[in-house]
Amino acid sequence: MSAYRYALYFAPRTSSGWWRFGAGWLGRDAATGERVEQPPIAGLPQEALQALTAEPRQYGFHATLKAPFALREGATRTALADAVARFCRARQSIPLPPFEVTRLADFLALVPATREGRVNELAADCVREFEGFRAPLAPAELDRRRRMGGLSPRQDRYLEEWGYPYVFAEYRFHLTLTGSLEEAPPHQVTALIAAARDALPATPLRLDALCLFEQPGPGAPFRLAKRFLLRGTRR
C-alpha cells in the first residue's frame, strides 16, 4: 500500500553511534517508531527539551535530499523504490566534513564545517531525478506556505516548480536538531548547543545511502522504510 507522503533523506546507519545520537536527541527512533529517552541537559527542563524537539521528532533524524511529497497519479511505491535503487547504483558515497552545531534561521542543526560540493550535486540530482513521482502541490497548500512568509522570489519560484523552496542554490545540507527557538530563553539555547556539541560522536560520517522515509497518514510520524547504499561511480 502507498503511504500518504514519501521523502528521500540521508540518515546514518541504524547500528551507528550517529543514529543512536540522533534518536536519543530527538526522543524517537525513526526505524522502529519507538520513543527513546532523551538525555538530561543541565539548565533545561526535560519538558522543554521535549517541546523544542517535537517538530523534528516527527520526521526522524535526517538530512533532506528531496523533501516530502505525495505520489502523482499513476506512480507507485514499488516504482519509486526501484528508481531509488537504480540511482544509488550509479553513485559513490561521500565523506562528510566534521559537523558544527549551528543556528539556521530559528532552529539548531548540525552543519558540515566546510562545504562539500558533491553533496549539493547529489541533492540537486535527487530533486530532478525523482520529480516525476511527485504530485503537484495543491493551490491551498501553496497558499498556506506562502502565507507563512519569509520566502525570497527565488525560493517562491522553487516552491512552485519543485514543491520545496530550499533546493539548488537555496540548499544547505544539515541534520535538524530542534524546532523553532523563537520563544526559547537564551540560556536554554546555550544549554542545547553545549549539550549537542558534547554528545556528537567522534567517528566520521559518510553520506553513504539514500533513505526512503514514509509518512503513513496526515500528521503521522515519518518512518525509515529502506536504506539504499550508494554503490556505484559518479557520473
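1. Let me start with arginine 227, which touches Phe10, Ala11, Pro12, Arg13, Asp208, Ala209, Leu210 and Cys211, leaving aside residues up to four places away in sequence; contact here means heavy atoms within 4.5 Å. Arginine 227 sits in strand 9. Strands (E, at least two residues) and helices (H or I, at least four) are DSSP runs, numbered from the N terminus.

2. A word on the basis: this is a predicted model, in which local features need pLDDT of at least 70 and side-chain atom pairs count only at pLDDT 80 or more, while totals for chains, interfaces and linings use all residues. Residues are numbered from 1 along each chain as its sequence is written, and side-chain values use heavy atoms, with hydrogens and water left out.

3. Back to the arginine 227 side chain. It makes a polar contact of 2.5 Å with the side chain of aspartate 208, and reaches the backbone oxygen of alanine 11 at 3.0 Å. A polar contact is a pair of N or O atoms within 3.5 Å; within protein, one must be able to donate a hydrogen and the other to accept it, and residues adjacent in sequence count only if both atoms are side-chain atoms.

4. Strand 9 belongs to an open sheet of four strands, ordered 2-1-8-9 with antiparallel pairing; two strands pair if DSSP finds at least two bridges between them. Strand 2 (63–69) and strand 9 are the edge strands, each pairing on one side only. On average, neighbouring strands of this sheet are turned by 20 degrees against each other, direction ignored.

5. Strands 8 and 9 run antiparallel and are joined by six bridges. Glutamate 214 has arginine 223, in strand 9, as its bridge partner. The loop between strand 8 (209–215) and strand 9 (223–229) holds proline 218. Proline 218 counts as exposed because its relative accessibility is 64%; exposed means over 50%, buried under 20% and partly exposed in between (1.4 Å probe, protein chains only).

6. Helix 4 (residues 77–89) lies across strands 1, 2, 8 and 9, at about 35 degrees to strand 9. Angles run from 0 to 180 degrees between N-to-C directions, with axes fitted as lines to C-alpha atoms, for helices over the stretch in contact. Helix 5 (residues 117–129) lies across strand 2 and strand 8, at about 15 degrees to strand 2.

7. Please look at the other open sheet too: three strands in the order 4-5-6, with antiparallel pairing. Helix 8 (residues 186–199) lies across strand 4 and strand 5, running at about 160 degrees to strand 4.
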